[in-house]
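Open the model in your viewer, keep the sequence panel beside it, and select along with me. We will go stop by stop, with the working definitions given as they come up.

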Amino acid sequence: MSHSQEPQVTVLPPDKEKIKKLWTVAGILGVLTALEFLIAFTMPHGSLKTAIFVGMTIVKAAYIVGEFMHLRYEAKVLLWSILIPMVFIVWMLVAFVYEGMKFSEINF
Amino acid sequence: MAHTSATTVSPGRSVWDGGVSPMGASYGKLMMWFFLLSDAFTFSALLITYGLVRSAHDAYTGTVEAFTFSPEYWPIPEKVFEAVPFLHGIELPLVFVGIMTFILIMSSVTMVLAVEAGHRMDKKAVEKWMLWTLLGGITFLACQAWEWTHFIVGTDTPTLVKDFVNGAWVTKEVTGATLSINQYGPSDFAGFFFFITGFHGFHVFSGVMFNFLIYYNTFTGVYERRGHYEMVEKVGLYWHFVDLVWVFVFTFFYLV
């Protein structure tokens, strides 16, 4: 039975190298999460521990956005259009947490 | 890439004068990126407000071993989230959340493999990887349903909490959590748990719906007839973003 109206589709073979790279990224994300677990139960609570967690989270985020979401390979103007507005988030974080720490000193 | 846009610009005109794609991406993909940027602001607002309210409360100062729930200080997350289904009474801090994180990362990987298959016009492979992605998303939602139930029902031993009832302060035994009172710590703690994981969970739910739509359209051959699988890419961006947000929620709500 032939479908004459069906379009001719050429299926390309899997790009082995690309797929291998994706699994490598997945492996890195998995290892980083496992490391976070290790640190969570071996290090005493404090600002150093928080700093390490934040750093590892940013590395994981960079891999997800850069590789999985393909942003690293997009046009530079698109990359910066997405990344530059992030300074607002950084500012909001600094300002709000600073205010939060001052809250306890205020006598309402 | 399925779309190739003209890159030649006539003399005297810039790439921004129209007719070309200066950002090298289709309209739909660009709009998905900018929507995700705005969504990142929304999630940041929630997480940063969490940071503000948490730092405005007293922190627990004793040892981790001696920790008990009290509305006087912010709880240590690993002491709150330590239950795993079918293992009642066994303290396994953050194990279940770790499993959920793993599930979501894996479903992000299968999504990116679906996108890769789409570039090759491989209908069967797109279907296969979309089904795995759907399974990951649905499993994550099921895990979250369990976690919420456990959080709402609470542990075996209640906490004494002061509550304002009918114009007078009363001390009562509380198990579990509602939006106004909970056994784990200050009232805001449960509020943030419900809002942050709930808002993220709703994104996962929408993502599962979109993923199903993509699977359905692939199955019925819509994208094959269209000649490209760019919709898989666009919904893929959304799905990766949901994973990205979870990475931040995991760190700032459960680990720190």
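What follows is a walk through chain A, the contact between the chains, and then chain B.

**Before you click**

This is a predicted model, in which local features need pLDDT of at least 70, side-chain atom pairs count only at pLDDT 80 or more, and totals for chains, interfaces and linings use all residues. Residues are numbered from 1 along each chain as its sequence is written, while chains are lettered from A and ligands numbered from 1 in the order in which they are written.

**Stop 1: chain A**

Select chain A and colour by secondary structure. You will find 4 helices and 0 strands, in the order α-α-α-α along the sequence. Helices (H or I, at least four residues) and strands (E, at least two) are DSSP runs, numbered from the N terminus.

Now switch the colouring to pLDDT, the predictor's confidence in each residue, from 0 to 100. The mean for chain A is 87, and 91% of its residues reach 70 or more. Which elements of chain A have the lowest and the highest mean pLDDT? H4(A) is the lowest at 86, and H2(A) the highest at 93.

Zoom out to take in the overall dimensions. Along the principal axes, the C-alpha atoms of chain A fill a box of roughly 80 × 35 × 30 Å. The radius of gyration of chain A is 22 Å, where a compact globule of 108 residues would have one near 13 Å. That radius is taken over C-alpha atoms, and the globule rule is 2.2 Å times the number of residues to the power 0.38.

Burial is the next thing to colour. A residue is buried if 20 or more other C-beta atoms lie within 10 Å of its own, exposed if 12 or fewer, and partly exposed in between, with C-beta atoms placed from the backbone. In chain A, 10% of the 108 residues count as buried.

**Stop 2: where the chains meet**

Show both chains and select the residues in contact, meaning that their C-beta atoms, placed from the backbone, lie within 7 Å. On this count 42 residues of chain A are in contact with 41 residues of chain B. On the chain A side, the elements giving two or more residues are helix H1 (16–42), helix H2 (47–68), helix H3 (76–83) and helix H4 (86–103). H1(A) gives the most, with 10 residues.

Try colouring that side by residue type: it divides into 29 nonpolar, 7 polar and 6 charged. Here Ala, Val, Leu, Ile, Met, Phe, Trp, Tyr, Cys and Pro count as nonpolar, Asp, Glu, Lys and Arg as charged, and the others, Gly among them, as polar.

**Stop 3: chain B as a whole**

Select chain B, which has 7 helices and 2 strands, arranged α-α-α-α-β-β-α-α-α along the sequence. Its radius of gyration is 23 Å, against a value near 18 Å for a compact globule of 256 residues. Of those 256 residues, 36% count as buried.

**Stop 4: helix H3 of chain B**

Pick H3(B), residues 95–119. Its 25 residues reach 37 Å from first C-alpha to last, close to the 36 Å expected at 1.5 Å a residue; the expected span is 1.5 Å times one less than the number of residues. H3(B) is mostly covered, with 19 of its 25 residues buried.

Within this helix, centre on Val109(B). Why does Val109(B) count as buried? Because it has 23 C-beta neighbours inside 10 Å. Leaving aside neighbours within four places in sequence, Val109(B) is in contact with Leu22(A) and Ala26(A). After H3(B) comes Met121(B), whose phi is positive, near 60°.

**Stop 5: Phe81(B)**

Step back to the loop between H2(B) and H3(B), where Phe81(B) sits. Phe81(B) is buried, with 23 other C-beta atoms within 10 Å. Not counting residues up to four places away in sequence, Phe81(B) touches Leu94(B), Val97(B) and Tyr254(B).

**Stop 6: the hairpin**

Select E1(B) (159–165) and E2(B) (168–174), which pair in the antiparallel sense over 7 bridges; pairing requires that DSSP finds at least two bridges between the strands. Leu160(B) has Glu173(B) as its bridge partner in E2(B). Between the strands are 2 residues, and Asn166(B) takes a positive phi near 50° in this hairpin.

**Last stop: helix H5 of chain B**

Finish on residues 187–219, the 33 residues of H5(B), whose end C-alpha atoms are 48 Å apart, in agreement with the expected 48 Å. Just after H5(B), look for Gly221(B), with a positive phi of about 85°.

Key:
Two residues are in contact if their C-beta atoms, placed from the backbone, lie within 7 Å.
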